[in-house]
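Work through these exercises with the model open beside you. Each task is followed by a solution in steps.

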Amino acid sequence: MISIKNLTVKAENGEILKDINLEIKDRERVVLFGPNGSGKSTLFKVIMGLGDYHVKKGSIKVNGKSLKGKSIDERVKMGLGYIAQKSVGIKGVTIEDLIDQYDFAYEEMKNAAKQLGIDELLDRDINCTLSGGEIKRAELFTLSLLPNIYTYLLDELDSGVDLENMKRIAKYLNTAGRDKSIVVTTHTGAILKELEFDAAYVVLKGKIICRNKPEKIWKCITEKGYEACINCDNANL
Amino acid sequence: MMNLEDFLENYSNVGMNPYIVLNDNDSLPTETSTKELQVLDIKSPAVEKFIKGYNLQKNPFKEYTGYLILLSKNSQSAVQTCFLTSQSGFKQNVKNVVIVEDNSELSIFTGCLSSTHVKSNIHNAVTDIFVGRNSIVTFNMIHSWGETSKVFPKLKVYVDEGGVFMSNYVVWEKVQEISSNPEIFVKKGGKAVIQSLVYSHPGSSLNVGGKVFLKGGGSRGEILSSVISKGGNYKTITEIIGNGDKAKGHIECNAVLLGDDGKVETVPLLKAGNSTVQLSHEASIGKISKEEIQYLQTKGLNKDRARELIVKGFVNDSIKEMPSSIQEKIEDIMSNSQGF
């Protein structure tokens, strides 16, 4: 379980997340809506310890343990799995090289490789010369190699991914990811057609301003735009 | 530095025959003379008739060692050579000539080393290589000189029509000084590639570059330099001069800075002699990117492991076009080294 309380985060240009309260329960599926630049990605980065952000106030706890002072890899060992909106490419390092870094259950690895169809991508440099869908599939695969990941933070999972890839990814998350908490950000909403979520939040200007059923919020956003969310009667925080 | 036995053992594994070992300024211990391949001591009287008509660099040495390798037309061969210095302060002078006649293919694999106890040796070399029409010559070099060695090779290569010359030059062990700037002259439809991978250690002074003259129509040239700098001074001055119609050339230099004290300088120079020529260069120098390290941390690796994997990746990417024997060699060295 991830528990975020009163989280306020500063970046170079001032406060970028303001008083965020959010709880992700075990096996819960949550979608975060928000326009570009609203703070969704920043929230994930702060949870993972990425970038140069300063936590001014509040706390993030995973299963009761604070993330304060933990390195990125320590956070991964605490069960957090993360896929960025734009994954970094590394020349000369292949997915196979990455596989060599872990002790993992071979059968599970084979299953994940098969489900995600990454056999032909193993000797390619990480995230270089891969399509959007291939990158997301490869990233999910490398996450599957890590033991004890029980929360997936998937930033803009549906951006740059075609329908066929999206269906494949959703199928994988519905099987291999069935025991995990899944938090997805989206600004297009395409993911809603493929995956079912328990709850949705709207992030706007660094604040969480709404919590409700995903379909309900998405309908509201598509009809009235994000600005309408501010004064929305459906807000259920 | 590797000891002599290990080195010879390692290089024997490349499995090329003949295998020439040239010690100090001694004569070639065994010569090879078959219908296709001649490997002769450079001072052997028989050399004269083979090199007649070839435009060779002046021999500045009084005392020297060296070889003539001659591969007849329509033949294929691989030769392994090794230059050794076994006395401290010794000046080894080398004069080599390689002639590959038309439609042939030759791979030369050279290692250079000094025995563990040898200090302050100097290796001078003057080498001329002639690549015949539609022939392919690959010149592979892995240095393993001592920390106080100084190395000054002067290489000139003439690539005839449709010929290909590739130089793969690897400096991984610490050496005091190297100056290696081959000059390659390429005729119509020919191609020259100079690839180097250099590990610059603290206290080293390394000048590894080259010049390619694209003289013929449709000729192509590439100079690709990769450096990992832990310290010392590294400089690469590279030049491509395109004069032939539709000649194409590219210079690339990538440097990754591991220490705080290493100096890296890259000077690419492109000269186009006519409007059909196409030349380009790109360069990057910098520390390992923080984003790459953080990315690998999100895959559960700690910072040190992440850094190591990224440097290995840089090396792998630098040598991906080199022959597999070199790739395997580098992989061996990396897997035996304690980090970077």
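**Exercise 1. The contact between the chains**

How many residues does the contact take from chain B, and how many from chain A?

Solution. First, fix the ground rules. This is a predicted model, in which local features need pLDDT of at least 70 and side-chain atom pairs count only at pLDDT 80 or more, while totals for chains, interfaces and linings use all residues. Residues are numbered from 1 along each chain as its sequence is written, and chains are lettered from A and ligands numbered from 1 in the order in which they are written.

Step 1: count. Chain B gives 18 residues to the contact and chain A gives 19 residues. Two residues are in contact if their C-beta atoms, placed from the backbone, lie within 7 Å.

Step 2: find the elements. On the side of chain B that touches chain A, helix 3 (290–297) and helix 4 (303–319) of chain B each supply at least two residues. Helix 4 of chain B gives the most, with eight residues. Helices (H or I, at least four residues) and strands (E, at least two) are DSSP runs, numbered from the N terminus.

Step 3: sort by character. This side of chain B divides into six nonpolar, seven polar and five charged residues. Ala, Val, Leu, Ile, Met, Phe, Trp, Tyr, Cys and Pro count as nonpolar, Asp, Glu, Lys and Arg as charged, and the others, Gly among them, as polar.

**Exercise 2. Helix 3 of chain B**

Which residues of helix 3 of chain B are buried, and what covers them?

Solution. Step 1: apply the cut-off. A residue is buried if 20 or more other C-beta atoms lie within 10 Å of its own, exposed if 12 or fewer, and partly exposed in between; C-beta atoms are placed from the backbone. Six of the eight residues of helix 3 of chain B are buried.

Step 2: name them. They are B:Glu292, B:Ile293, B:Gln294, B:Tyr295, B:Leu296 and B:Gln297.

Step 3: look for the cover. It includes helix 2 (72–77) and strand 7 (90–94) of chain A, together with helix 4 of chain B.

**Exercise 3. The domains of chain B**

Where are the bounds of domain 1 and domain 2 of chain B?

Solution. Step 1: split the chain. Domain 1 covers 4–289 and domain 2 covers 290–340. These bounds come from an automatic or database domain assignment.

Step 2: place the centres. Taken over C-alpha atoms, the centres of the two domains of chain B are 25 Å apart.

Step 3: describe the contact. Domain 1 of chain B gives 16 residues and domain 2 of chain B gives 20 residues. On the domain 1 side, strand 9 (136–144), strand 11 (164–171), strand 14 and strand 17 of chain B each supply at least two residues. Strand 9 of chain B gives the most, with three residues. The domain 1 side divides into ten nonpolar, six polar and no charged residues.

**Exercise 4. Two sheets**

In what order do the strands run in the nine-strand sheet of chain B and in the six-strand sheet of chain A?

Solution. Step 1: take chain B. Its nine strands form an open sheet in the order 1-5-7-9-11-14-17-19-21, with parallel pairing. Strand 1 (19–23) and strand 21 (278–287) of chain B are the edges, each pairing on one side only. Two strands pair if DSSP finds at least two bridges between them.

Step 2: check one pair. Strand 14 (residues 191–200) and strand 17 (residues 220–229) of chain B pair in the parallel sense over ten bridges. B:Tyr199 has B:Ile228 in strand 17 of chain B as its bridge partner.

Step 3: take chain A. The open sheet of six strands has the order 6-9-10-3-11-12, with mixed pairing. Its edges are strand 6 (80–83) and strand 12 (207–212) of chain A.

Step 4: check one pair here too. Strand 11 (residues 199–204) and strand 12 of chain A pair in the antiparallel sense over five bridges. A:Ala200 has A:Asn212 in strand 12 of chain A as its bridge partner.

**Exercise 5. Chain totals**

How many helices and strands does chain B have, and how many does chain A have?

Solution. Step 1: count elements. Chain B has five helices and 21 strands. Chain A has seven helices and twelve strands.

Step 2: read the burial. Of the 340 residues of chain B, 49% count as buried. For the 237 residues of chain A, the figure is 41%.
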